[in-house]
Amino acid sequence: NLNYENFDTSNNNADQKKIHFRAYDNGEIVFFNLTSEKLKLNKIKLISDNYSKDFVLNSNLNKSKFKKVFSKKINLNFNEKKFSKAVLEYSDNNKSFYIENEIENSEFSPENILLKKNNFNKQFKINENTYRITKGSYFVDQPIIISEGNNLIIDAGASLFMNDDTYIEVRNGELKINGEKDLPVIIKSRDENKFWRGIYVFSENLDNTSQIKNTKIFNVNYFNNNKIKLTGAINLINSKYIVHNLQLINSESEDAINIVNSNIDLKNIEILNAKSDAIDLDFAFGNIDNIYLNNIGGDGIDLSGSNIRLNYLLAKNIKDKGISVGEQSTAKIENIKITDSKIGIASKDSSSVQGHNIDIINSELYDLASYIKKNYFNGGIIEITNIKKKNFKKFLVQKSSTLIIDGYKIKPLKFDVKQLY
């Protein structure tokens with residue numbers, strides 16, 4: 001029962017950072033408030049090649065909260081007209097703004113799982129709150145967005161060939177990628193010269209458990225759904241995560257894997273050709289076992305505010321640190337071999353590393369480094385036993401930090417940490 005009238009957008013002072021909307025050819029329009037302020041939805045103009053129609057909305061869009069973007073959905077009566085474009089007028093503090101978007105196919109609305117399959121006789125199975133992608137080959141032309149509170153299961157033998165503008169997003173649900181040793185799940189870009197947009201799993205329920213098992217991922221960039229951009233290719237946030245037998249090759253993101261505020265179990269992971277960090281853990285705790293890293297453009301494993309046990313790491317050709325432990329992290333590490341890194345192992349900023357059976361070869365600057373990077377923290381601590389002494393040649397211990405090797409305490413030096421960055 002919306003009214004409509006003409007309105008002018010000639011004074012278009014567009015500000016797309018405040019609001020985002022998606023309009024569909026069935027009349028459904030979804031608005032997202034990207035601010036912590038209440039906004040006013042004024043009018044919307046729908047445009048075709050030779051026709052336009054204007055609707056008065058006169059509706060408030062409530063403010064968003066931390067970790068929760070407020071959204072509102074309305075339905076307009078298109079009267080079977082086919083529109084190609086929508087222009088929204090909205091207000092913030094009595095100042096008007098305009099945004100223009102294309103009209104989308106309603107099959108691609110966020111309530112749907114957005115895939116096109118080469119065999120349409122096998123449809124996706126939906127049981128209660130769970131979407132399931134069964135064994136088979138899928139050409140993914142639109143993002144896979146699971147409606148909030150629902151789960152996504154990908155069965156063994158599923159192969160997803162992703163367009164470069166697609167991604168997988170699960171909010172307040174669980175992701176279960178259930179590959180098997182002889183029947184892995186494969187997720188890769190359709191064009192080997194392009195990169196798809198990654199995976200994002202977020203939950204407000206810390207008891208939710210998601211898992212990625214026996215999976216091969218190729219040619220992936222950072223997560224980007226045009227509303228938020230995250231640092232990781234795989235972003236796992238605020239839950240329990242099990243990642244076993246994962247191969248990730250060719251990552252263009254800041255972090256190949258980024259896990260935040262979560263309980264983790266990582267085992268048998270291989271990451272090759274990462275543009276920056278391989279595994280980045282922020283406020284994570286749990287176990288990491290049997291990791292292979294090669295050709296990493298940043299850190300191999302980067303910890304911040306985390307408590308981790310790491311057993312068996314082989315890291316080669318690491319442009320920065322093999323293991324970086326910072327910002328009040330604790331790491332207990334064993335059976336570690338790092339070759340050709342800038343720094344083998346670094347402990348900084350009130351962090352502690354306890355290690356056993358460590359081998360570091362051919363470091364550019366230091367094999368072991370303990371220091372303060374941010375002056376509001378204390379120094380770092382490294383205590384190592386059973387090292388390969390013939391390979392250890394270069395140490396850095398800044399004053400207020402500690403480095404102990406097989407019971408011998410290395411003398412600290414006055415050092416300007418800016419030389420490392």
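This tour moves through the model one selection at a time, saying at each stop what is there.

**Before selecting anything**

The model is predicted, so local features are taken at pLDDT of at least 70 and side-chain atom pairs only at pLDDT 80 or more, whereas totals for chains, interfaces and linings use all residues. Residues are numbered from 1 along each chain as its sequence is written, and side-chain values use heavy atoms, with hydrogens and water left out.

Colour the model by pLDDT, the predictor's confidence in each residue from 0 to 100. The mean over the protein is 85, and 88% of its residues reach 70 or more. Residues 1–16 have pLDDT below 50, and beyond near neighbours in sequence this stretch has 40 contacts in the model, a contact being heavy atoms within 4.5 Å. Residues 111–123 also stay under 50, with 36 contacts beyond four places in sequence. Where pLDDT is low, the predicted coordinates should not be read in detail.

**The seven-stranded sheet**

Select β4 (52–61) and β5 (70–75), the edge strands, each of which pairs on one side only. They belong to an open sheet of seven strands in the order β4-β3-β6-β7-β1-β2-β5, with mixed pairing. Here strands are DSSP runs (E, at least two residues; helices are H or I, at least four), numbered from the N terminus, and two strands pair if DSSP finds at least two bridges between them. From one strand to the next the twist averages 20°, where axes are lines fitted to C-alpha atoms (for helices over the stretch in contact) and angles run from 0 to 180 degrees between N-to-C directions.

Within this sheet, select β3 (residues 39–47) together with β6 (residues 85–92), which are antiparallel and share seven bridges. K45 is a useful residue to centre on, since V87 in β6 stands opposite.

**Around β27**

Next select β27 (residues 307–326) with β25 (residues 285–296); the two run parallel and are joined by ten bridges, and I296 stands opposite I318 in β27. Add β26 (residues 301–304), which pairs with β27 in the parallel sense over four bridges, with L303 opposite V325 in β27. Then add β28 (residues 330–348), parallel to β27 and joined to β27 by 14 bridges; the partner of L310 in β28 is I333.

**The cavity**

Keep these strands in view and select I288, I301, L303, I308, L310, I323, A331 and I333, which line the largest cavity. A cavity is a set of points, on a 1 Å grid over the protein atoms alone, where a 1.4 Å probe fits but cannot get out, and lining residues have an atom within 4 Å of a point. The count comes to one cavity of 30 Å³ or more, and the largest holds about 40 Å³ of space. β26, β27 and β28 each give two or more residues to the lining, and β27 gives the most, with three. The lining divides into eight nonpolar residues, no polar and no charged.

**L413**

Finally, select L413, in the segment after β34 (408–409). Its C-alpha atom is separated by 7.7 Å from that of L396, 17 residues apart along the chain. Leaving aside neighbours within four places in sequence, L413 is in contact with V397, Q398 and K399.

Conventions. 1 Å grid on protein atoms, 1.4 Å probe; cavity = no way out; pocket = protein on both sides within 12 Å on 5 of 7 lines; lining within 4 Å. Points joined across faces, edges and corners; volume = space filled by probe spheres on them. Nonpolar A, V, L, I, M, F, W, Y, C, P; charged D, E, K, R; others polar.
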